[in-house]
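Here's a friendly walk through one protein chain. Have a look at the model first, and then we'll go through it piece by piece.

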Amino acid sequence: MKGDLIMGKISWYDFIIPTTPFASIVFGCIITVIAAVTIWIYTKKQKDMAIALTTGLTVTGAGVFLLHFLGYYV
């Protein structure tokens, strides 16, 4: 059953308060991609977009790991 907690379904309210690590990663990636595309549209520089994408994915992964380690996702 532990696999259900990690890779469970995504609820409609998970974009406000993610209830599983999977939901956090999904919504973190969606927001990161939106931010990176917005940066690319305004600057037209792939380097700036790549930096934003890498930073966003790193922060998302580190945040999910930290919250999981602290027991937030019981």
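## Aromatic pairs

Before we start counting, a quick definition: rings of Phe, Tyr and Trp (for Trp, its six-membered ring) are called a pair if their centres lie within 6.5 Å. Planes under 30 degrees apart make the pair stacked, over 60 makes it edge-to-face, and the rest are tilted. Keep in mind that what you're looking at is a predicted model. So how many aromatic pairs does a search of the whole structure find? It turns up three.

One of them is Phe65 with Phe69, a stacked pair with 6.3 Å from centre to centre and 15° between the planes. These two residues sit four apart in helix α3 (residues 46-70), so about one helical turn separates them. Are they buried or exposed? Both Phe65 and Phe69 are exposed. Another pair is Tyr72 with Tyr73, and this one is edge-to-face, at 5.1 Å centre to centre with 80° between the planes. Tyr72 is partly exposed, with a relative accessible area of 43%, whereas Tyr73 counts as buried at 9%.

## The overall layout

Now let's zoom out. The chain has three helices and zero strands, so reading along the sequence gives you the pattern α-α-α. Of the 74 residues in the chain, 20% are buried.

As for the outside, the accessible surface of the chain comes to about 5600 Å², and 76% of that belongs to carbon and sulfur atoms. What about links between distant parts of the sequence? Take the contacts between residues at least 6 apart in sequence: 41% of these join residues at least 24 apart.

## A nonpolar patch on the surface

Which residues form a nonpolar patch on the surface? They are Trp12, Tyr13, Phe15, Ile16, Ile17, Leu67 and Tyr72, and together they have about 810 Å² of accessible area. You've already met Tyr72 as the partner of Tyr73 in the edge-to-face pair.

Trp12 is a handy place to start looking at the patch. You'll find Trp12 in the loop between α1 (2-6) and α2 (21-43). With a relative accessible area of 69%, Trp12 is exposed.

## Inside helix α2

Helix α2 is home to Thr32, a residue that is buried, with a relative accessible area of 8%. What does Thr32 touch, if you skip its neighbours within four places in sequence? The contacts are Ala52, Leu53, Gly56, Leu57 and Thr60.

Gly28 is in helix α2 too. Its relative accessible area is 13%, so Gly28 is below the 20% cut-off and is buried. Pro18 lies 10 residues away from Gly28 along the chain, and the C-alpha atoms of the two are separated by 9.9 Å.

## Lys44 and its ring

Last stop: Lys44, in the loop between α2 and α3. Buried or exposed? At 56% relative accessibility, Lys44 counts as exposed.

Two more details are worth a look here. Lys44 has a phi near 60°, a positive value in a residue other than glycine. Lys44 also lies over the face of Trp40, at 4.5 Å from the ring centre.

Definitions and conventions. Residues are numbered from 1 along each chain as its sequence is written. This is a predicted model: local features need pLDDT of at least 70, side-chain atom pairs count only at pLDDT 80 or more; totals for chains, interfaces and linings use all residues. Side-chain values use heavy atoms; hydrogens and water are left out. Buried means under 20% relative accessible area, exposed over 50%, partly exposed in between (1.4 Å probe, protein chains only). A charge sits over a ring if NZ of Lys or CZ of Arg is within 6 Å of the ring centre and within 35 degrees of the ring normal. Patches are made of residues with over 30% relative accessible area and no salt bridge: like charges are joined within 9 Å, nonpolar side chains (Val, Leu, Ile, Met, Phe, Trp, Tyr) within 5 Å. Accessible areas come from the Shrake-Rupley method with a 1.4 Å probe; for residues, only the protein chains shown count as cover. A salt bridge is a side-chain nitrogen of Lys or Arg within 4 Å of a carboxyl oxygen of Asp or Glu. Contact means heavy atoms within 4.5 Å.
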